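Trainee: Could you take me through the salt bridges in this model, up close? I'd like to see where the partners sit and how the helices around them pack.

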Amino acid sequence: MFIEWTKDFSVDIESIDEQHQILFTIINRLHNAVLGKIELDVIGLTFQELINYTDSHFKTEEYYMDLYGYPQTQEHKKQHEYFVKEVKNLQNQLHKNQQIYTLLVDTWILLKKWLTVHIQKEDKAYSPFFKEKGIK
């Protein structure tokens, strides 16, 4: 395992933390791909899993933001849109048989940055607001 879930990544909202932990699994699988420990077909499935994850997870966050009128909703949604666009671009490169190693490294870097910047900063920022609204 390359990167492990710790409380440092927690937004202290159980359902969202559980979803974030799925991203750790995906990142570790891609890291194993970089190391050549998984097959090419698994990489394609992992990208699809990542697309499905972003769709489901972002809908959850954005639902709560819209429901309770989170003040930073529009900016947060823009960040989600950017991330989805980047992931889909990388997935398209995979389908075009681009340099697989470079593609995997680029994807892994994007995901790691997302963990350390978006989740630890932006998502943690909504935590007190959501908790105040009773989301646990």
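Mentor: Sure. A salt bridge here is a side-chain nitrogen of Lys or Arg within 4 Å of a carboxyl oxygen of Asp or Glu. By that cut-off the structure holds four of them. Keep in mind that this is a predicted model. The chemistry behind the pairing is familiar: side chains of opposite charge can pair when their charged atoms come close.

Let's start with D12 and K131. Their closest N and O atoms are 2.5 Å apart. This pair ties together distant parts of the chain, since D12 sits in the segment before α1 (14–34) while K131 belongs to helix α4 (residues 100–132), 119 residues apart. As for exposure, D12 is partly exposed because its relative accessibility is 42%, and K131 is partly exposed too, at 38%.

The segment that holds D12 is worth another look, with S10 as a handy spot. S10 also lies in the segment before α1. At 9% relative accessibility S10 falls under the 20% limit, so it counts as buried. If you skip its neighbours within four places in sequence, S10 is in contact with W5, D17 and K124.

Now for the packing of α1 and α4. Two packed helices are described by the angle between their axes and the distance between the axes. For α1 and α4 the angle is about 165°, and the axes are 9 Å apart. That angle is over 145 degrees, so the two helices are roughly antiparallel to each other. The residues of this contact divide into 18 nonpolar, three polar and two charged. As for handedness, α1 passes α4 in a left-handed crossing.

Next comes R29 with E49. Here the closest N and O atoms are 2.2 Å apart. Again the pair links distant parts of the chain: R29 is in helix α1 and E49 in helix α2 (residues 40–68), 20 residues apart. R29 has a relative accessible area of 24%, so it counts as partly exposed. E49 is partly exposed as well, because its value is 27%.

Staying on α2, we get to D55 and K59, whose closest N and O atoms are 3.5 Å apart. Both residues lie in helix α2, four residues apart, which is about one turn of the helix. Their accessibilities put them in separate classes: D55 is partly exposed at 42%, whereas K59, at 53%, is over the 50% line and therefore exposed.

Finally, α2 has a packing partner of its own. The axes of α2 and helix α3 (residues 73–95) come within 11 Å and cross at roughly 170°. With an angle like that, α2 and α3 are therefore roughly antiparallel to each other. On the α2 side, the residues making the contact include I43, F47, L50, I51, F58 and M65, and on the α3 side they include H76, H80, F83, V84, V87 and L94. Sorted by type, the residues of this contact divide into 11 nonpolar, seven polar and five charged.

So if you want a route through the viewer, begin at D12 and K131, move on to R29 and E49, and finish with D55 and K59 within α2.

Notes:
Residues numbered from 1 in each chain as written. Predicted model: local features only at pLDDT ≥ 70, side-chain atom pairs only at ≥ 80, totals over all residues. Heavy atoms only, no water. Buried < 20%, exposed > 50% of the residue type's maximum accessible area, 1.4 Å probe, protein only. Contact = heavy atoms within 4.5 Å. Axes fitted to C-alpha atoms, helices over the stretch in contact; angles between N-to-C directions. Parallel < 35°, antiparallel > 145°, perpendicular 65-115°, else oblique. Left-handed = near helix turned anticlockwise from the far one by under 90°. Nonpolar A, V, L, I, M, F, W, Y, C, P; charged D, E, K, R; others polar.
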